[in-house]
Amino acid sequence: MKKIIPTDVYDKDGNMMRIDFHDGDGEFVIQAVWDDEDEQTSENRVEFRKWSYRMVKQLGYEVL
């Protein structure tokens, strides 16, 4: 299982835009994009992270 590292990406107003995943060499692998229809709350961000980590695990990656 290939290991990847998540990075939260925010806009200038502090709203989450996406999570980028890179391998150990810093190469981009995949990203999960925030749904603009979802409210920007701490709870929603936690759920988005859980969903995105589950998604990449189903694709065969291990999140560090």
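**Exercise 1. Work out the order of helices and strands along the chain in this predicted model.**

Solution. Start with the inventory: the protein chain has one helix and four strands. Next, read from the N terminus, where the order of elements is β-β-β-α-β. The helix, helix 1, covers residues 42-58, and strand 3, at 28-33, is joined to helix 1 by a loop.

**Exercise 2. Describe how strand 1, strand 2 and strand 3 pair, and find a glycine with positive phi in each hairpin.**

Solution. Take strand 1 (residues 2-10) to begin with: it pairs with strand 2 in the antiparallel sense, over six bridges. For a landmark in this pairing, look at Tyr10, which stands opposite Met16 of strand 2. Five residues separate the two strands of this hairpin, and in the turn Gly14 has a positive phi of about 85 degrees.

Now move on to strand 2 and strand 3. Their pairing is antiparallel and runs over five bridges. Here Asp20 is a handy marker, since Asp20 stands opposite Gln31 in strand 3. This hairpin has five residues between its strands, and Gly26 takes a positive phi near 85 degrees.

**Exercise 3. Find the aromatic pairs that link Trp34, Phe48 and Trp51, and classify each by its geometry.**

Solution. The model holds three aromatic pairs. One of them joins Trp34 and Phe48, with ring centres 5.2 Å apart and planes at 70 degrees. Planes over 60 degrees apart count as edge-to-face, so that is the label to use. Where do the two partners sit? Trp34 is in the loop between strand 3 and helix 1, while Phe48 is in helix 1, so this pair ties together parts 14 residues apart in sequence.

Next comes Phe48 with Trp51, at 5.9 Å centre to centre and 25 degrees between the planes. Under 30 degrees the planes count as stacked, so this pair takes that name. Both residues belong to helix 1, three residues apart, or about one turn of the helix. Put together, the ring pairs make Trp34, Phe48 and Trp51 a cluster.

**Exercise 4. Decide whether Phe48 and Trp51 are buried or partly exposed.**

Solution. The cut-off for buried is under 20% relative accessible area. Phe48 has 9% relative accessibility, so Phe48 counts as buried. Trp51 has a relative accessible area of 39%, so Trp51 is partly exposed. As for the other partner of Phe48, Trp34 is buried too.

**Exercise 5. List the members of the largest nonpolar core and say which element gives the largest share.**

Solution. Begin with the nine members: Ile4, Met16, Ile19, Phe21, Ala32, Trp34, Phe48, Val56 and Val63. Then sort them by element: strand 2 (16-22) and helix 1 are the elements that give two or more residues. Strand 2 supplies the largest share, with three residues. To finish, follow Val63: leaving aside residues up to four places away in sequence, Val63 touches Ile4, Pro6, Phe21, Tyr53 and Val56.

**Exercise 6. Check whether the radius of gyration of the chain agrees with that of a compact globule.**

Solution. For 64 residues, a compact globule would have a radius of gyration near 11 Å; the protein chain has 12 Å, which agrees. Along the principal axes, its C-alpha atoms fill a box of roughly 35 × 20 × 15 Å. Of the 64 residues, 23% count as buried. The chain exposes about 4500 Å², with carbon and sulfur atoms supplying 46% of that area. Finally, of the contacts between residues at least 6 apart in sequence, 39% join residues at least 24 apart.

Terms used
Residues are numbered from 1 along each chain as its sequence is written. This is a predicted model: local features need pLDDT of at least 70, side-chain atom pairs count only at pLDDT 80 or more; totals for chains, interfaces and linings use all residues. Side-chain values use heavy atoms; hydrogens and water are left out. Rings of Phe, Tyr and Trp (its six-membered ring) pair if their centres lie within 6.5 Å; planes under 30 degrees apart count as stacked, over 60 as edge-to-face and the rest as tilted. Buried means under 20% relative accessible area, exposed over 50%, partly exposed in between (1.4 Å probe, protein chains only). A nonpolar core is a set of buried Ala, Val, Leu, Ile, Met, Phe, Trp, Tyr and Cys residues joined through side-chain atoms within 4.5 Å. Contact means heavy atoms within 4.5 Å. The radius of gyration is taken over C-alpha atoms; the globule rule is 2.2 Å times the number of residues to the power 0.38. Accessible areas come from the Shrake-Rupley method with a 1.4 Å probe; for residues, only the protein chains shown count as cover. Two strands pair if DSSP finds at least two bridges between them.
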